[in-house]
There are 2 protein chains.
Amino acid sequence: MQTKGQETRSHILQESRRLFTLQGFHNTSISAIIAATGVKKGNLYYHFPSKKELGLAVLIDARHEFFDILEQSMVGDGAAERILYSCNSIMTLMEETDFVGGCLFGNTALEMTDLSSRFGRVIRDVFSHWIRLIQEELEREETATERIKRLSPETMAIAIVAILEGGIMLSRVYQDKKSMEACIRSIEELIRNR
Amino acid sequence: MQTKGQETRSHILQESRRLFTLQGFHNTSISAIIAATGVKKGNLYYHFPSKKELGLAVLIDARHEFFDILEQSMVGDGAAERILYSCNSIMTLMEETDFVGGCLFGNTALEMTDLSSRFGRVIRDVFSHWIRLIQEELEREETATERIKRLSPETMAIAIVAILEGGIMLSRVYQDKKSMEACIRSIEELIRNR
């Protein structure tokens, strides 16, 4: 069971993540977080001494959750099935919020990477882990397709993550799932043995 | 020849674009723009009555330039060559700034699309035009490959723009061109007649 303090911390992290995803880190003020959580300023600063520390804690918390989602979503027989199932799971997650907000890591990557080395480190870690998981799936595939041999599993894994992130961005821009569906169809085309 | 007023306006647009690309719209203050341009506050507000109007003018100016770049970069024999040449031109542009800042439209898409319908309209226009140009190239191809027939030129065009935007993001995160190169290799794989 969570203590009262742990509950407050979780509550702050959850609401801050929602706000940062929706409107960005710089555009979310501490006052907005206080208003959204109902937590007193002193209590907020007790848990997170600065907005930057809060931002990092949100990213680290989201990273933990995302790694769980990734590992649980690699379901199916063969690399292609597992990777596509995972891509579709991510699309379903994005659809739940009607593509509003998009990907917290992608957003933060564009907003913060150049600015803070600590944010950059967490973001790089998320993308590297994600690319590695897909790469390992492709390497494990017994009947490696000609295409995988030509492209190398790493190259293909980087491209798959890029397509998904680009697809999430475009689905957000157009506020429909057509772009993400087009992206997942292209990933399928890229990895299927034809 | 530009008048003094036009020169000032261009100078403000140029410096603001640099700052918005580097550190985002919300994180760039009017004071920072005044400091970077050396233009007096009253003069800045004479040309752009608010930060939002300035942001929109920067996007519209950049859109104009990007459309020119796109059209000039579709060079070569056949759709595949023209699209790949264009992708490589975009990578070269990104490399010139060592991938710092990334893509202004992608960044603004993630930062502003949900928040302002006027920003959203410009961003959608940029991506729609870009997708349409690639789609038309693929449709014009006389020897349409089996893959293009399976995927539809529109689906493939959406995926190509998504891969590039994702690739720009990853190259920015890792601060090297490896990710973008992997993405362009995968685009090649996707569109070449194999």
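Colleague: Which residues in α4(A) are buried?

Modeller: This is a predicted model, in which local features need pLDDT (the predictor's confidence in each residue, from 0 to 100) of at least 70, side-chain atom pairs count only at pLDDT 80 or more, and totals for chains, interfaces and linings use all residues. Residues are numbered from 1 along each chain as its sequence is written, while chains are lettered from A and ligands numbered from 1 in the order in which they are written. A residue is buried if 20 or more other C-beta atoms lie within 10 Å of its own, exposed if 12 or fewer and partly exposed in between, with C-beta atoms placed from the backbone. By that rule, the buried residues in α4(A) are A:Leu54, A:Gly55, A:Val58, A:Leu59 and A:Ala62.

Colleague: Which helices of chain A are included in what covers the buried residues of α4(A)?

Modeller: Helices (H or I, at least four residues) and strands (E, at least two) are DSSP runs numbered from the N terminus, and two residues are in contact if their C-beta atoms, placed from the backbone, lie within 7 Å. On these terms, the cover over the buried residues of α4(A) includes three elements of chain A, namely α1 (4–23), α6 (104–112) and α7.

Colleague: How many helices does chain A have?

Modeller: The pattern of chain A, followed along the sequence, is α-α-α-α-α-α-α-α-α-α, and its C-alpha trace spans about 60 × 35 × 35 Å along the principal axes. Of the 194 residues of chain A, 43% count as buried. The secondary structure comprises 0 strands, and the number of helices is 10.

Colleague: Which helix of chain A has the lowest mean pLDDT?

Modeller: Chain A as a whole averages a pLDDT of 89, with 93% of the residues scoring at least 70, and the model scores ipTM 0.89 and pTM 0.90. Among the elements of chain A, the highest mean, 96, belongs to helix α2 (residues 30–37), and the lowest, 72, belongs to helix α8 (residues 146–151).

Colleague: How far apart are the end C-alpha atoms of helix α5 of chain A?

Modeller: The expected span of a helix is 1.5 Å times one less than its number of residues. Helix α5 (residues 79–96) of chain A has 18 residues and should therefore span 26 Å, which agrees with the distance between its end C-alpha atoms, 26 Å.

Colleague: Which helices are included in what covers the buried residues of α5(A)?

Modeller: The buried residues in α5(A) include A:Ile83, A:Cys87, A:Ile90 and A:Met94. What covers the buried residues of this helix includes, from chain A, α4 (51–73), α7 (117–140), α9 (153–174) and α10 (178–191).

Colleague: Does A:Gln175 count as buried, exposed or partly exposed, and how many C-beta neighbours does A:Gln175 have inside 10 Å?

Modeller: A:Gln175 lies in the loop between α9 and α10 of chain A, and its phi is near 50°, a positive value in a residue other than glycine. Most residues other than glycine have a negative phi. A:Gln175 counts as partly exposed because its number of C-beta neighbours inside 10 Å is 14.

Colleague: Which helix supplies the largest share of the side of chain B that touches chain A?

Modeller: In the pairing of the two chains, 44 residues of chain B are in contact with 44 residues of chain A. On the side of chain B that touches chain A, α1 (4–23), α6 (104–112), α7 (117–140), α8 (146–151), α9 (153–174) and α10 (178–191) each supply at least two residues. The largest share, 15 residues, comes from α9(B).

Colleague: How many nonpolar residues does the side of chain B that touches chain A have?

Modeller: Ala, Val, Leu, Ile, Met, Phe, Trp, Tyr, Cys and Pro count as nonpolar, Asp, Glu, Lys and Arg as charged, and the others, Gly among them, as polar. On the side of chain B that touches chain A, 9 residues are charged, 14 are polar, and the nonpolar ones come to 21.

Colleague: Which residues have the most contacts inside the largest nonpolar core?

Modeller: A nonpolar core is a set of buried Ala, Val, Leu, Ile, Met, Phe, Trp, Tyr and Cys residues joined through C-beta atoms within 7 Å. Leaving aside neighbours within four places in sequence, B:Val161 is in contact with A:Gly166 and A:Leu170, and also with B:Phe127, B:Trp130, B:Ile131 and B:Ile134. The largest nonpolar core has 111 residues, and those with the most contacts inside it are A:Val161 and B:Val161.

Colleague: What relation links chain B to chain A?

Modeller: Copies are superposed by least squares on the C-alpha atoms of residues with pLDDT of at least 70 in both. Chain B can be laid on chain A with an RMSD of 0.0 Å by a turn of 180° and a shift of 0.0 Å along the axis. The relation is therefore that of a two-fold axis.
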